[in-house]
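Morning, everyone. Please pull up the sequence and the structure, and we will walk through the empty spaces and the aromatic rings.

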Amino acid sequence: MDFRLTDEQRQIVEMVAEFVDEEIAPVADEIDHDDEFPRDLVAELADLGLMGIPFPEEYGGAGLDYHSYPAALEEISRGSGGLGTIVAAHISLAGNMLYEFGDESQKETYLTPLAEGTDIGAFALSEAGAGSDVPSMETVAEKDGDEYVINGGKLWISNGSVADTVTLFAKTDPDAGNTGISSFVVRPEEDDGFVVEGTEEKLGDKGCPTAELRFDDLRIPADRLLGEEGDGFVQALKTLNGGRITIAARSIGIAQAALDEALAYVDEREQFGRSISEFQAIQHKLADMDTKIRAARLLMHDAADKKMRGETFIKEAAQAKLYASEVSREVANEGIQIHGGYGYTKDFPAERFYRDAKLNEIYEGTSEVLRNTIARELLR
């Protein structure tokens with residue numbers, strides 16, 4: 001397998017990296033401190049075609065492949081973990097739901113503005129009592145003539161308070177288990193009964209609002225149903241499976257940022273009359289950090305390659321996300337250790353990388369759930 005980027009892919013990554021270095025990295029600490037949705041930066045990403053990277057040009061996307069997309073997202077996440085989540089939730093979850101399961105009219109109406117970046121997307125699946133246990137959701141959608149009436153609530157929804165389009169999951173048959181879940185397109189500004197209860201104050205991932213949503217007799221047209229009634233659970237699993245590749249990308253981007261910062265620091269820091277880069281203990285840490293990042297990147301591109309070839313990639317996506325997310329935390333932790341006491345202060349970004357990295361082990365499949373997934377695929 002040859003995962004070397006083509007000239008076109010390399011140009012895209014270099015363009016994104018330059019934008020990150022010039023526009024995102026200089027304000028990353030500000031984003032982390034203020035914890036406000038960076039609308040101006042998102043608009044600039046849209047101008048560069050980065051809010052619809054993998055979608056066809058006919059729907060307003062850039063028409064790029066699934067090597068270019070995670071490679072670009074890795075760079076964005078290197079600049080800001082929160083911005084990486086914004087883009088991943090927008091493209092991999094909300095956008096992909098519409099692209100994979102929407103009919104032509106739904107794609108033209110809702111996917112196109114998402115891909116162009118004029119609209120922001122969110123994916124509303126999790127609930128207070130239904131995180132990993134999706135079938136335990138309590139949100140219901142009842143058919144009423146040519147409308148659905150939705151009642152319930154969602155929790156931990158990335159982009160949920162700023163989204164123009166939300167792909168929402170609800171039970172259309174509460175007694176049918178997995179096969180009773182359906183998915184819908186919701187437009188918060190147009191649909192009465194959509195309520196943002198608030199946003200979470202989080203350890204990291206700042207800049208990306210994580211919202212609690214409530215639906216009080218939310219009425220939407222019946223033509224907002226994605227696919228058929230009862231398709232929602234399978235749709236969610238397929239969408240999350242692809243999304244795990246991009247959470248691996250976010251993980252790798254944060255880890256790379258932690259390594260880059262550590263490399264810069266060891267050249268500046270002196271102890272016992274010499275640069276700490278000369279100490280073997282430090283060199284071994286740096287060697288392990290780089291090796292783990294490289295291995296994670298290869299796993300990510302292996303999963304992406306299988307997705308592009310139309311092969312089954314459930315195990316590979318789970319492995320990429322599991323390994324990259326744990327590597328991200330480990331590398332960020334070592335970055336703090338290399339900085340010593342300075343790493344525990346906000347004078348350096350090392351502590352921000354650690355806070356941002358931890359989330360990777362939780363959302364879009366916890367490490368525990370992913371190990372179950374990998375084992376199940378092995379034992380088939």
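A definition to begin. A cavity is a set of grid points where a 1.4 Å probe fits but cannot get out. The model is predicted, so keep that in mind throughout.

How many cavities of 30 Å³ or more does that rule give? The count comes to one. About 40 Å³ of space lies inside this largest cavity. Now the lining. Ala28, Ile31 and Asp32 are among the residues there, together with Gly79, Ser80, Gly81 and Gly82. Lys206, Arg352 and Asp356 line the cavity too. Two or more lining residues come from each of α2 (28-34), α5 and α10. The largest share, three residues, is from α2. By class, we have two nonpolar, four polar and four charged residues.

Now to the pockets. The largest pocket has a volume of about 1200 Å³. Its lining runs to 47 residues. Which of them lie nearest the centre? Those are Leu240, Ile362, Tyr363, Glu364 and Gly365. The elements giving two or more residues to this lining are α5 (81-101), β3 (147-158), α7 (232-268), α10 (350-358) and α11 (367-378). Helix α7 gives the most, with nine residues. The class split is 22 nonpolar, 13 polar and twelve charged.

Next, the second largest pocket, with a volume of about 300 Å³. From the N-terminal end, Phe3, Arg4, Leu5, Arg10 and Val13 are among the lining residues. Ala71, Glu74 and Glu75 are also there. So are Arg294, Arg297, Leu298 and His301. Here α1 (7-24), α4 (68-79) and α8 (280-308) each give two or more residues. The most come from α8, with four. Six residues of this lining are charged, five are nonpolar and one is polar.

On to the rings. There are nine aromatic pairs in the structure. Take tyrosine 66 and tyrosine 69. Their ring centres are 5.4 Å apart, and their planes sit at 85°, which makes the pair edge-to-face because the cut-off is over 60 degrees. Are these two tyrosines buried or exposed? Tyrosine 66 has 7% relative accessibility, so it counts as buried. Tyrosine 69 is at 0%, so buried as well. Tyrosine 66 has another neighbour: lysine 307 lies over the face of its ring, 4.8 Å from the ring centre.

A second pair to look at is tyrosine 265 with phenylalanine 348. Centres are 5.5 Å apart and planes are at 85°, so this pair is edge-to-face. What does the pair tie together? Tyrosine 265 is in helix α7, while phenylalanine 348 is in the loop between α9 (314-339) and α10, so the link joins parts 83 residues apart in sequence. Tyrosine 265 has a relative accessible area of 5%, so it is buried.

One more ring group. Phe55, Tyr59 and Tyr99 are linked into a cluster by ring pairs.

Last stop, arginine 355. This residue lies in helix α10. Is arginine 355 buried or exposed? The cut-off for buried is under 20%, and arginine 355 is at 11% relative accessibility, so it counts as buried. What does its side chain reach? The partner is the backbone oxygen of leucine 203, at 2.9 Å.

To recap α10: this helix gives two or more residues to the lining of the largest pocket. The same goes for the largest cavity. And arginine 355 lies in α10. That's my tour, thanks.

Methods:
Residues are numbered from 1 along each chain as its sequence is written. This is a predicted model: local features need pLDDT of at least 70, side-chain atom pairs count only at pLDDT 80 or more; totals for chains, interfaces and linings use all residues. Side-chain values use heavy atoms; hydrogens and water are left out. On a 1 Å grid over the protein atoms alone, a cavity is a set of points where a 1.4 Å probe fits but cannot get out, and a pocket is an open set with protein on both sides within 12 Å along at least five of seven lines; lining residues have an atom within 4 Å of a point. Grid points are joined across faces, edges and corners, and a volume is the space filled by probe spheres set on the points. Ala, Val, Leu, Ile, Met, Phe, Trp, Tyr, Cys and Pro count as nonpolar, Asp, Glu, Lys and Arg as charged, and the others, Gly among them, as polar. Rings of Phe, Tyr and Trp (its six-membered ring) pair if their centres lie within 6.5 Å; planes under 30 degrees apart count as stacked, over 60 as edge-to-face and the rest as tilted. Buried means under 20% relative accessible area, exposed over 50%, partly exposed in between (1.4 Å probe, protein chains only). A charge sits over a ring if NZ of Lys or CZ of Arg is within 6 Å of the ring centre and within 35 degrees of the ring normal. A polar contact is a pair of N or O atoms within 3.5 Å; within protein, one must be able to donate a hydrogen and the other to accept it, and residues adjacent in sequence count only if both atoms are side-chain atoms.
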